[in-house]
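Grab a pencil and work through the exercises below with the structure open beside you. Try each task yourself before you read its solution.

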Amino acid sequence: MAFRQVLQLAACGLAGGSAAVLFSAVAVGKPRAGGDAEPRAAEPPAWAGGARPGPGVWDPNWDRREPLSLINLRKRNVESGEDELASRLDHYKAKATRHIFLIRHSQYHVDGSLEKDRTLTPLGREQAELTGLRLASLGLKFNRIVHSSMTRAVETTDIIGRHLPGVCKVSTDLLREGAPIEPDPPVSHWKPEAVQYYEDGARIEAAFRNYIHRADAKQEEDSYEIFICHANVIRYIVCRALQFPPEGWLRLSLNNGSITHLVIRPNGRVALRALGDTGFMPPDKITRS
């Protein structure tokens with residue numbers, strides 16, 4: 001699965017530095033047949049283990065793409081001086097801005113016994129049409145659509161894609177719905193098993209690391225990318241990208257078919273331009289579940 005996803009990303013022309021990360025990020029300590037863990041386990045999130053920056057402290061190297069962190073200073077020739085260092089730093093500096101559009105899938109049949117039976121409702125199909133029309137009306141040159149492999153996300157993608165002809169589509173399991181991290185404050189009506197947080201959290205964190213970062217240094221022009229997935233995934237990504245406490249993800253609310261717009265500048269700074277926007281839908285078409 002991972003290898004096929006890398007090939008799909010390469011076909012879209014935006015694999016950049018993310019392709020190599022994909023292989024390591026999906027190996028999150030899953031046991032082998034003999035009981036030993038995979039050798040390339042995912043690094044604990046930056047906010048775990050008391051390593052989270054204090055209030056108001058921005059980590060400029062949150063995506064591990066700060067130019068100075070990519071240079072092996074030990075190999076630098078002392079006699080080459082500052083000019084050589086500046087030249088090497090420039091080689092690693094991002095030049096383009098990434099625009100990330102996170103779309104929540106449309107309303108679906110929640111009572112389906114199997115995941116494949118949880119298809120979009122008639123209203124959900126209308127919502128997807130409205131979202132597709134909205135995205136097309138922006139007049140942007142979208143580079144790709146990355147979508148969850150779950151049925152409701154695939155169907156939403158198919159409808160939106162008809163309004164954006166020619167845009168490359170990539171399916172991934174990393175963006176499937178799940179329980180990213182135990183919420184704070186906790187809720188009584190939703191209590192997944194601890195193992196679900198452990199498994200889903202690692203996968204959703206891997207999705208964040210693969211897809212949410214500043215542009216590759218080789219990218220010359222700004223990019224506009226669409227990610228069609230699920231409420232929990234989007235809420236977690238927003239918290240992580242803005243360096244808010246990720247445990248607060250459940251405090252955010254997203255409507256079906258909504259648009260969330262993140263901007264990642266070349267210097268690594270992140271801005272949230274829209275969160276769960278459904279202002280383009282008539283009031284009687286707006287739903288949350």
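**Exercise 1. Find the neighbours of strand S2 in this predicted model: in which sense does S2 pair with strand S4, and over how many bridges?**

*Step 1.* Start with S2 and strand S4 (residues 223-229): they pair in the parallel sense, over 4 bridges.

*Step 2.* Now look at who faces whom. Ile-145 is opposite Ile-226 in S4, and Val-146 is opposite Phe-227 in S4.

*Step 3.* Next, check strand S3 (residues 168-172). S2 runs parallel to S3 too, and 5 bridges join them. Arg-144 has Cys-168 in S3 as its bridge partner.

*Step 4.* Follow the chain from S2 to S3: it passes through helix H5 (residues 151-162), and this β-α-β crossover is right-handed.

**Exercise 2. Look at the two faces of S2 and of S4: which residues point which way, and are they buried or exposed?**

*Step 1.* Take S2 (residues 144-148). On one side you'll find Arg-144, Val-146 and Ser-148, while Ile-145 and His-147 point the other way. The count of buried residues is 5 of 5, so this strand is mostly covered.

*Step 2.* Do the same for S4. One side carries Ser-223, Glu-225, Phe-227 and Cys-229, and the other carries Tyr-224, Ile-226 and Ile-228; all of them are buried.

*Step 3.* Put that together: 7 of the 7 residues of S4 are buried, so S4 is largely enclosed by the rest of the structure.

*Step 4.* Part of the picture is a further strand. S1 pairs with S4 in the parallel sense, over 7 bridges, and Leu-102 has Phe-227 in S4 as its bridge partner.

**Exercise 3. Check the length of helix H4: how many Å does it reach from its first C-alpha to its last, and which of its residues are buried?**

*Step 1.* Count the residues: H4 (residues 122-137) has 16.

*Step 2.* Work out the expected span. You multiply 1.5 Å by one less than the number of residues, which gives the 22 Å expected here.

*Step 3.* Compare with the model: H4 reaches 23 Å, close to that expected value.

*Step 4.* Now pick out the buried residues of H4: Leu-123, Gly-124, Gln-127, Ala-128, Thr-131, Gly-132 and Leu-135. What covers them includes strand S1 (98-104), H5, S4 and strand S5 (259-264).

*Step 5.* Finish just past the helix. Gly-139 follows H4 and has a positive phi, near 70°.

**Exercise 4. Sort out the ring cluster: which residues do ring pairs link to Trp-190?**

*Step 1.* Begin with the count for the model, which comes to 5 aromatic pairs.

*Step 2.* Take Trp-190 and Tyr-197. Their ring centres are 6.3 Å apart and their planes are at 90°, so this pair is edge-to-face.

*Step 3.* Then take Trp-190 and Trp-249. Here the centres are 5.6 Å apart and the planes are at 80°, so this pair is edge-to-face as well. It links distant parts of the chain: Trp-190 is in the loop between S3 and helix H6 (194-211), and Trp-249 is in the loop between helix H7 (231-241) and S5, 59 residues apart.

*Step 4.* Add it up: Trp-190, Tyr-197 and Trp-249 are linked into a cluster by ring pairs.

*Step 5.* How covered are these residues? Use the cut-off that buried means under 20% relative accessible area. Trp-249, at 0%, is buried, and so is Tyr-197, at 13%. Trp-190, at 28%, is partly exposed.

**Exercise 5. Hunt for special backbone spots: where are the cis peptide bond and the positive phi values in residues other than glycine?**

*Step 1.* For the cis peptide bond, go from Asp-184 to Pro-185, where omega is near 5°. Pro-185 lies in the loop between S3 and H6.

*Step 2.* For positive phi, try Arg-64, with a value near 60°. You'll find Arg-64 in the loop between helix H2 (18-26) and helix H3 (81-92), partly exposed at 39% relative accessibility.

*Step 3.* Gln-243 also isn't a glycine, and its phi is positive, about 60°. Gln-243 sits in the loop between H7 and S5 and is partly exposed, at 25%.

How values were computed. Residues are numbered from 1 along each chain as its sequence is written. This is a predicted model: local features need pLDDT of at least 70, side-chain atom pairs count only at pLDDT 80 or more; totals for chains, interfaces and linings use all residues. Side-chain values use heavy atoms; hydrogens and water are left out. Buried means under 20% relative accessible area, exposed over 50%, partly exposed in between (1.4 Å probe, protein chains only). Two strands pair if DSSP finds at least two bridges between them. A crossover is right-handed if, with the strands pointing away from the viewer, the path from the first strand over the helix to the second runs clockwise. Contact means heavy atoms within 4.5 Å. Rings of Phe, Tyr and Trp (its six-membered ring) pair if their centres lie within 6.5 Å; planes under 30 degrees apart count as stacked, over 60 as edge-to-face and the rest as tilted.
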